Amino acid sequence: MIFALSSIFTLVVSARGEREVTMLSGYVEAGDTLWELSKEYAGDMEIREYISRVIEINDLNGANIKSGELLYFPVFK
């Protein structure tokens, strides 16, 4: 399971009193799961909460992802 990072960009967000956020983007490859990809970026955040945020940010209907999809992952500072 390899997550291909297609591009990296910075977006500073101060929504809901959160810390600064860097958004990482990448394409889903065959065999990737949202759980495994999220574990790489969740840091000290509880994984289920982090996955919920990823689902919201990417406007997904659930945790199912498909090969070729572009996803954004927040990295909190």
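Okay, let me start with a pair of side chains: Arg53 and Glu49 form a salt bridge, with the closest N and O atoms 3.1 Å apart. Both sit in helix 2, four residues apart, so about one turn of the helix. What I like here is the surroundings. Arg53 is buried, at 18% relative accessible area, while Glu49 is partly exposed at 37%.

Before I go on, a reminder that this is a predicted model. The chain averages a pLDDT of 82, and 75% of the residues score at least 70. Helix 2, where that pair sits, has the highest confidence in the chain, at a mean of 96. Strand 1, residues 4-8, is at the other end, with a mean of 45. And over residues 5-15 pLDDT stays under 50, though the model does have 23 contacts there beyond four places in sequence. Where pLDDT is low, the predicted coordinates should not be read in detail. I'll leave that stretch alone.

Right, the layout. We have two helices and three strands, and along the sequence they come as β-β-α-α-β. How do strand 2 and strand 3 run relative to each other, parallel or antiparallel? They're antiparallel, joined by seven bridges. One of the partnerships to look for on screen is Tyr27 with Leu70 in strand 3. Strand 2 is also mostly covered, with six of its seven residues buried. For the chain overall, buried residues make up 36% of the 77. And if you take contacts between residues at least 6 apart in sequence, 58% of them join residues at least 24 apart.

On to the core. The largest nonpolar core has 19 residues, and the ones with the most contacts inside it are Leu34, Tyr50, Leu60, Ile65, Leu71 and Phe73. Which elements supply at least two residues each? Strand 2 (21-27), helix 1 (34-41), helix 2 (47-57) and strand 3 (70-76). Helix 2 gives the largest share, five residues.

Let's zoom in on Leu71. Setting aside neighbours within four places in sequence, Leu71 touches Leu24, Ser25, Gly26, Val28, Leu34, Asn58, Leu60 and Ile65. Leu34, Leu60 and Ile65 on that list are also among the best-connected core residues I just named.

Now the surface. The accessible area of the chain is about 4900 Å², with 52% of that belonging to carbon and sulfur atoms. Side chains of opposite charge can pair when their charged atoms come close. How many salt bridges does a search of the whole structure find? Three, and you've met one of them, Arg53 with Glu49.

Another is Lys39 with Glu36, at 3.4 Å, N to O. These two are three residues apart in helix 1, so they are separated by about one helical turn. Lys39 is partly exposed, at 46% relative accessibility, and Glu36 is partly exposed too, at 32%.

Then there's Arg48 with Glu46, where the closest N and O atoms are also 3.4 Å apart. Arg48 counts as exposed, because its relative accessible area is 54%, and Glu46 is partly exposed at 40%.

Last stop, a backbone oddity. Asp59 has a positive phi of about 55 degrees, although it is not a glycine. Where does Asp59 lie? In the loop between helix 2 and strand 3. Asp59 is exposed as well, with 68% relative accessibility.

Technical notes. Residues are numbered from 1 along each chain as its sequence is written. This is a predicted model: local features need pLDDT of at least 70, side-chain atom pairs count only at pLDDT 80 or more; totals for chains, interfaces and linings use all residues. Side-chain values use heavy atoms; hydrogens and water are left out. Buried means under 20% relative accessible area, exposed over 50%, partly exposed in between (1.4 Å probe, protein chains only). Contact means heavy atoms within 4.5 Å. Accessible areas come from the Shrake-Rupley method with a 1.4 Å probe; for residues, only the protein chains shown count as cover. A nonpolar core is a set of buried Ala, Val, Leu, Ile, Met, Phe, Trp, Tyr and Cys residues joined through side-chain atoms within 4.5 Å. pLDDT is the predictor's confidence in each residue, from 0 to 100. Two strands pair if DSSP finds at least two bridges between them. A salt bridge is a side-chain nitrogen of Lys or Arg within 4 Å of a carboxyl oxygen of Asp or Glu.
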